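Here is a short tour for anyone who likes to read a fold piece by piece. Have the sequence and the model at hand as you go.

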Amino acid sequence: MANNVAVRIENVSKRFIVGQGKGRDGLRHVLQDYMLHPFRLVGWNKRPNRGNGLFSRNPQTEEFWALQGVSFDVTQGEVIGIIGRNGAGKSTLLKILSRITEPSRGRIGLKGRVASLLEVGTGFHPELTGRENIFLNGAILGMSRREIKTRFDEIVEFASVTKFIDTPVKRYSSGMYVRLAFAVAAHLEPEILIVDEVLAVGDAEFQKKCLGKMREVASRGHRTVFFVSHQLPSVIALCSRACLLESGRLVADGDPTAVVERYQKQTLGKPGGSQNASARPGTGTVRIQMMRAMADVFAPAEAKRFSILIHTVDESEAPYALALHLVDETGQQILILNSRHAGQVLLPGSNLSVDLTLRTPWLKPGEYRIDAFLYNNGVIDKWEDACRFAVSNELPYSGTPDDQTVRGSIVLPDFSLTVDR
Amino acid sequence: MNDSTLAINQPRSEAAGELNDQNTAKPGNEEFDIWLEAGRIEKHYWLDLWRFRELFLILAWRDVAVRYKQTLIGVVWSILQPLLTMLIMSFVFGKLAGLHADGNVPYPILVFCGTLPWQFFAVAMTTSGQSLVTNSSLVSKIYFPRMIIPISSVVVALVDFSVSLLILAVMMVVFHILPTSHLLVLPLLLVLAFVTSLGPGLFITALNVRYRDFRFVLPFIIQFGLYLCPVGFSSLMIREKIGDGLFLLYSLNPMVGVIDGFRWAILGNACKIFWPGFCLSVGVSLCLLATGIWYFRKTERTFADII
């Protein structure tokens with residue numbers, strides 16, 4: 001057993017009772033129940049974990065297990081990313097870690113003090129000034145008055161609201177509000193820090209600042225951080241380890257890049273989309289019969305060839321065009337190809353065979369999919385995920401670009417550089 | 001980091017030794033400061049309440065500051081409300097209904113001695129009864145002992161009370177009432193009033209989280225109580241009418257004891273207090289406090305889930 005385990009999560013499960021809104025849970029109904037079953041009042045003690053209060057539970061409610069048997073250990077100083085779809089149980093796990101709610105089963109051991117950032121600006125009151133809100137929010141997050149006073153100037157500076165610090169927060173723009181809220185939270189110094197998607201707010205410049213601060217916090221080494229985010233690039237950038245939750249269970253745990261890829265495969269779903277043309281959206285007068293890449297794997301700078309077969313169902317359709325959307329593995333759309341831009345007009349009538357060659361831009365290593373559309377005035381055929389292919393790691397450069405260069409680019413440049421002495 | 005920065009969530013490792021003795025002898029327990037599990041009784045809840053005292057103070061400060069920031073009339077209202085209530089009640093009960101006061105005490109001041117604790121109770125109950133729901137964002141996002149919220153909301157009532165005390169001082173001068181040694185007990189009576197409002201307040205705020213009906217029940221109780229409690233009239237008069245035995249039954253209402261106590265403290269010997277009734281009222285207050293705390297602690301762990 002490692003001596004520097006900061007957090008031990010043992011077989012934790014969390015159950016929620018759903019069906020509260022069915023209208024049978026009001027006081028009136030509870031009292032009615034008691035009139036009819038007076039002995040329930042005596043019997044409620046016998047159900048240890050089921051009572052939410054003095055009154056017995058409405059038998060019509062159902063259970064929902066947000067977490068099921070999650071176990072893992074986190075050593076001190078690790079920055080661990082928790083990813084998963086909405087509803088996978090990430091926020092529930094964080095709430096249990098923050099002691100806001102209890103696990104229904106299992107237990108969690110904590111070493112050190114915990115501070116949570118589940119939302120910025122918790123407790124901010126619009127009538128109070130920025131200065132007053134800093135003290136209020138800081139106290140709520142767990143800082144002592146003295147700590148806040150020491151860091152006050154840093155906080156104001158980080159948020160860039162020095163001029164407005166004494167005006168009521170209700171006058172702040174939403175950007176200023178968020179900056180101030182994050183600034184207070186960023187200056188917490190607990191042993192265990194829990195962050196839940198707070199970086200999803202603010203403009204690009206501020207997000208950069210937040211990421212920088214998070215990086216600083218993470219790199220100091222002795223602080224353990226739990227980081228939940230949907231921004232997968234940030235997870236890969238900041239975390240030394242990642243856990244994937246799916247329907248309340250832990251399905252992957254390890255290197256962030258590998259776990260993120262696994263998550264992506266999960267969300268991208270089965271390759272091929274709807275092969276069945278009639279099930280696809282669009283008027284259907286013309287349908288794409290087949291689309292395939294000439295190779296499963298291309299080199300980044302290689303010309304990528306694709307073959308598309310189009311079948312006309314209704315010959316009276318007007319001339320149409322083909323549009324292809326290239327999407328990478330994080331769901332980001334890289335580019336759109338349009339047959340019109342190649343000077344081609346597609347005429348219905350006979351079956352068409354289209355050959356496509358994509359030369360530039362050079363694509364980053366990774367997996368890609370193509371969504372294909374046929375359209376003129378409206379959508380005739382829409383085939384998402386019509387074709388998939390991968391791009392290898394053979395980068396077309398003389399030196400070896402480091403990870404950061406590739407990661408920071410969306411596509412790879414075809415360029416030349418001369419230096420004059 | 002030293003301990004004074006510890007206005008937060010857990011006991012530090014130094015305290016872990018003491019904590020872990022109390023844990024069951026499971027392997028691997030030695031290293032951790034705290035274990036979070038279902039149904040675990042928080043032995044350190046009361047210690048946590050002390051640790052979070054700064055948060056308590058700042059929440060109380062926030063409630064007061066916000067109240068007086070919003071409007072100018074807010075400050076004036078704290079003066080007007082008890083004054084107007086006293087005037088109306090003196091007129092209705094004193095002049096119209098022809099009720100008399102104990103001894104030679106002028107009716108207005110008799111009423112004011114009743115209004116003083118009653119206003120405190122009414123404001124304290126109302127704000128603490130709604131406090132958890134009003135602060136639902138804090139409850140669902142941050143850890144701290146939840147009891148801080150209803151307790152800190154009572155501080156608003158305290159501010160109003162202090163304003164009323166000043167008015168009382170002025171009135172005592174106007175009516176030539178000399179303070180007696182009984183007045184020294186006033187702080188204790190304030191504590192009693194606090195206890196009396198906190199007990200039901202905790203109970204109601206916990207219930208309110210689950211059954212929002214109580215938002216409507218509370219104002220009704222307060223309104224009803226204003227006539228039921230001896231605010232506008234003296235309890236001596238009640239005692240004369242229904243006899244000592246039934247008066248004990250009446251004293252089950254904890255505010256009866258509080259109001260009588262206040263009258264006794266302020267008016268001195270002019271006001272006769274019925275000691276058995278008073279003791280019964282105090283007893284009921286303490287019982288209500290114990291029940292309130294028990295129920296609050298029992299349901300506290302589910303607040304974040306259902307708020």
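Chain B of this predicted model contains 13 helices and one strand. Its elements follow one another as α-β-α-α-α-α-α-α-α-α-α-α-α-α along the sequence. The chain has 307 residues, and 42% of them count as buried. Among the contacts in chain B with a separation of 6 or more, 80% are between residues 24 or more positions apart.

**A helix worth following**

Helix α5 of chain B covers residues 107-134, 28 residues in total. From its first C-alpha to its last it reaches 39 Å, close to the 40 Å expected at 1.5 Å a residue. Where does α5(B) kink? Look at Thr115(B): the kink there is about 25°, and the proline Pro117(B) follows shortly after. The helix is also mostly covered, with 25 of its 28 residues buried.

**Nonpolar cores**

As a general background, nonpolar side chains tend to be buried together in soluble globular proteins. In this model the largest nonpolar core has 144 residues, and Phe226(A) and Phe227(A) are those with the most contacts inside it. Which element gives this core its largest share? That is α5(B), with 15 residues. So the helix described above comes up again here, this time beside two phenylalanines of chain A as members of one core.

Phe227(A) makes a good place to zoom in. Not counting residues up to four places away in sequence, Phe227(A) touches Val79(A), Ile80(A), Gly81(A) and Ile82(A), along with Val195(A), Val235(A), Leu238(A) and Cys239(A). Another core, of 18 residues, lies apart from the largest one; Met291(A), Phe306(A), Leu322(A) and Ala372(A) are among its members.

**A three-stranded sheet in chain A**

Chain A holds an open sheet of three strands in the order β10-β12-β15, with antiparallel pairing. Because β10(A) and β15(A) stand at the edges, each with a single partner strand, one side of each is left without a neighbour in the sheet. From one strand to the next, the twist averages 20°. The residue ranges of the strands are listed here.

| Strand | Residues |
|---|---|
| β10(A) | 286-293 |
| β12(A) | 304-312 |
| β15(A) | 352-358 |

How many bridges join β10(A) to β12(A)? There are seven, and the two strands run antiparallel. Within this pairing, Met290(A) stands opposite Leu309(A) in β12(A).

Definitions and conventions: Residues are numbered from 1 along each chain as its sequence is written. Chains are lettered from A and ligands numbered from 1 in the order in which they are written. This is a predicted model: local features need pLDDT of at least 70, side-chain atom pairs count only at pLDDT 80 or more; totals for chains, interfaces and linings use all residues. Helices (H or I, at least four residues) and strands (E, at least two) are DSSP runs, numbered from the N terminus. The expected span of a helix is 1.5 Å times one less than its number of residues. The bend at a residue is the angle between axes fitted to the seven residues ending there and the seven starting there. A residue is buried if 20 or more other C-beta atoms lie within 10 Å of its own, exposed if 12 or fewer, and partly exposed in between; C-beta atoms are placed from the backbone. Two strands pair if DSSP finds at least two bridges between them. Axes are lines fitted to C-alpha atoms, for helices over the stretch in contact, and angles run from 0 to 180 degrees between N-to-C directions. A nonpolar core is a set of buried Ala, Val, Leu, Ile, Met, Phe, Trp, Tyr and Cys residues joined through C-beta atoms within 7 Å. Two residues are in contact if their C-beta atoms, placed from the backbone, lie within 7 Å.
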